[in-house]
Amino acid sequence: MWGVLLALAAFAPAVGQVLGVPGTSVLGLAPPATTKAQISTPAPRSSPAQPSAGKHNGTSQQHVRIRIIKKKKVIMKKRKKLTRPGPVVTARPMMTNSPGGALDLPKEQEPGCPPLGLESLRVLDNQLEASSSQSFGLGPHRGRLNIQSGLEDGDLYDGAWCAEQQDADPWLQVDARHPTRFSGVITQGRNSIWRYDWVTSYKVQFSNDSRTWWGSRNRSSGMDAVFPANSDPETPVLNLLPEPQVARFIRLLPQTWLQGGASCLRAEILACPVSDPNGLFAEALALGSSDPLDFQHHNYKAMRKLMKQVNEQCPNITRIYSIGKSHQGLKLYVMEMSDQPGEHELGEPEVRYVAGMHGNEALGRELLLLLMQFLCHEFLRGDPRVTRLLTETRIHLLPSMNPDGYETAFRRGSELVGWAEGRWNQQGIDLNHNFADLNTPLWEAEDDGLVPDTVPNHHLPLPTYYTLPNATVAPETRAVIEWMKRIPFVLSANLHGGELVVSYPFDMTRTPWAARELTPTPDDVVFRWLSTVYAGTNRAMQDTDRRPCHSQDFSLHGNVINGADWHTVPGSMNDFSYLHTNCFEITVELSCDKFPHKNELPQEWENNKDALLTYLEQVRMGIAGVVRDKDTELGIADAVIAVDGINHDVTTAWGGDYWRLLTPGDYMVTASAEGYHAVTRSCQVTFEEGPVPCNFHLTKTPKQRLRELLAAGAKVPPDLRRRLERLRGQKD
């Protein structure tokens, strides 16, 4: 009997779709008897806490028992129900629903539908409509989950859709463009530092032609059901439809909102595609990838398992190692990929990708897990591009720098984690502000004319305060710093999420307390080239039809920006890497959606695959060589490589090899080392692929040779003795 009823109920919306009449939707939830607010006023800036939605709507809580029939078992659960204890003020006659009681829910709920794509921008602006809007910046195109506002209210980039105050029947509508099985709704309030606005309850309606609508109804009463919504502006609230509805259009109709606020919301719709056997609609663009990879989100345990599988599949080109532990004791695993894993080969550059610095920005983590699978798979297939990359480069992939934060975000889920939960490590530290500030001492020395003669322009030491036992330095940060010191990295990218842009150093403004200011490095040309390479090969960034993620249109500048000119970030990993090591590092903001649904991962992989590979290949740009002792032919460690006109030097690794990233041009390059005569030579960088060889042989100074002879207990040769005597005579 139940099977027949459920089959009829599931078939009804599809019939309505063809005939253009309402479907038989059932909602097993009695609505709250709350009010519509009429006045919108700004929230006081000095307010220490955000007011409660329940308090302002005059509601109280009681519990009703819900009877769920599932697999012939009766399960008793409790659900909160909002009721009205006293008289309320309404903007129109109240709709009264039957009192709550035992609710008849469908036999099975299916919350598995992915998001329709409001947050990820797969839903275009012209698919969103509304009954009214307070301004263009509060239009329906701004009603996307997790969208962020600009600094000023009233501009073109506000943080929600907001209906006009006079709108007695506000609604926000989404056109899916195809028959779609809607299964749930996620809502937030308005993102703003100046106001408090959120919807506390809403109804849901569906249509196939945008003229005839039907709503989710309470089965026992037949009245429209009202869904409980938000109690603060940022926490996502999910409501699943007890019975999914098949339609093309869906409307959210706010019923009540924060008293003194406005009808404002951000939303995501959970929806599954429906087959169209008659071909009445244009075929939906499919998301996918032909690569046989594991497209899902991996928690810590699953990540370890996957990395082990890759290592077992490609043992000759992979090695897994840990650089340290998080505050909660989770290991920071790195996958090394090279034809000789575990050793630094003379003349072979070291490159790294770091992801998951902010735990809730999950896409970078998954892209690196996909990248290691892809490199392994393609190497076994004999792909020439991948083979060359792994034989000429040593690649290090750190998929999760902040595993504690990720686990927090993972437990909430991709659509419910919000904008910030899981960003910080377990100590509440933002790791991208936790590296030592080396910019300030460098700039102060430059202002005093001490660079580079007295204070070096490279490899600046850690400040004393930063090395103290009680310094506020996260264990994850310390682990990465030690990692940087052990391996002579040349190139790096730090993968983030929440925007679509590539930023480059400096990240910190030179003017103290400036919120944003163009602050280039001496290698600005190289950094802009590196950033442009990634942005220019990223599919999403090159999509000319896409809209900005939040409040800035980076496409106007090629989707690249100087970090400090975007917003100042003291203590960033990019700046630290440039000033404390040889490594050039940029930040890649991969997607508008920080934690995309797993169904989005194949497309995100395709968006970034070529960019990830092409960026790694940029380590071949510039010059490379070995600095050797002329007499012994041994490599000289820590020799300084200086390029005329660029006030930033690099040093050689322990074998005497070095890499200096440069754009095409003619350069005068000087190699120097303590105890040796400096040598200068011309090096020409061409547009041909591969670093230009630029080797040096240095001769020891007489003083250095004397030191070595005396240290060995040998007698000073006569010619050297006479030369030293002449030098002393000249000084006298």
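Is serine 210 buried, partly exposed or exposed? Select serine 210 in this predicted model: the residue is partly exposed, at a relative accessible area of 31%. Its place is the loop that runs between strand E6 (199–207) and strand E7 (213–215). Check the backbone there as well, since serine 210 is not a glycine and yet has a positive phi of about 65°.

**Loop between H7 and H8**

Go next to histidine 459, in the loop between H7 and H8. Histidine 459 also has a positive phi, about 50°, without being a glycine. Its relative accessible area of 29% makes histidine 459 partly exposed.

Stay in this loop and select proline 452, which is placed between helix H7 (439–447) and helix H8 (464–467). Show the backbone from valine 451 to proline 452: the peptide bond is cis, with omega near 5°.

**A second cis bond**

Select proline 505 and phenylalanine 506, which are joined by a cis peptide bond with omega about 0°. Phenylalanine 506 sits in the loop between strand E16 (501–504) and helix H10 (524–537).

**Disulfides**

Now display the cysteine side chains. A disulfide is a covalent bond between the sulfur atoms of two cysteines. The count here is 5 disulfides. Counting bonded cysteines along the chain, the pattern is 1-4, 2-3, 5-6, 7-8, 9-10. Three of the links are visited below.

Begin with cysteine 113 and cysteine 272, whose sulfur atoms are 1.9 Å apart in a disulfide. Cysteine 113 is in the loop between strand E2 (73–83) and strand E3 (128–130), and cysteine 272 is in strand E10 (residues 264–273), so this link ties together parts 159 residues apart in sequence. The torsion about the S-S bond of cysteine 113 and cysteine 272 is about -115°, so the disulfide is left-handed. Cysteine 113 and cysteine 272 are both buried.

Follow strand E10 to cysteine 264, which forms a disulfide with cysteine 162, the sulfur atoms being 1.9 Å apart. Cysteine 162 belongs to strand E4 (residues 161–162) and cysteine 264 to strand E10, so the pair connects parts that are 102 residues apart in sequence. What is the handedness of the link of cysteine 162 and cysteine 264? The link is right-handed, with 120° about the S-S bond. Cysteine 162 is buried at a relative accessible area of 0%, and cysteine 264 is buried at 0%.

Then select cysteine 549 and cysteine 592, a disulfide with sulfur atoms 1.9 Å apart. Cysteine 549 lies in the loop between H10 and strand E17 (560–562), and cysteine 592 in the loop between strand E18 (584–589) and helix H13 (601–617), so the parts tied together are 43 residues apart in sequence. The S-S torsion of cysteine 549 and cysteine 592 is about -70°, so the disulfide is left-handed. Relative accessible area is 3% for cysteine 549, which is buried; cysteine 592 is buried at 5%.

While on cysteines, select cysteine 583, which is buried at 0% relative accessibility.

**A four-stranded sheet**

End at the open sheet of 4 strands, ordered E21-E20-E23-E24 with antiparallel pairing. Which strands stand at the edges? They are E21 (650–651) and E24 (679–685); each has a single partner strand, so one side of each lacks a neighbour in the sheet. Turn to strand E20 (residues 640–643) and strand E23 (residues 665–672), which run antiparallel and are joined by 4 bridges. To see the register, select valine 643, which stands opposite valine 669 in E23.

How values were computed:
Residues numbered from 1 in each chain as written. Predicted model: local features only at pLDDT ≥ 70, side-chain atom pairs only at ≥ 80, totals over all residues. Heavy atoms only, no water. Pairing = 2+ DSSP bridges. Helix = DSSP H or I, 4+ residues; strand = E, 2+ residues; numbered from the N terminus. Buried < 20%, exposed > 50% of the residue type's maximum accessible area, 1.4 Å probe, protein only. Disulfide = S-S within 2.5 Å.
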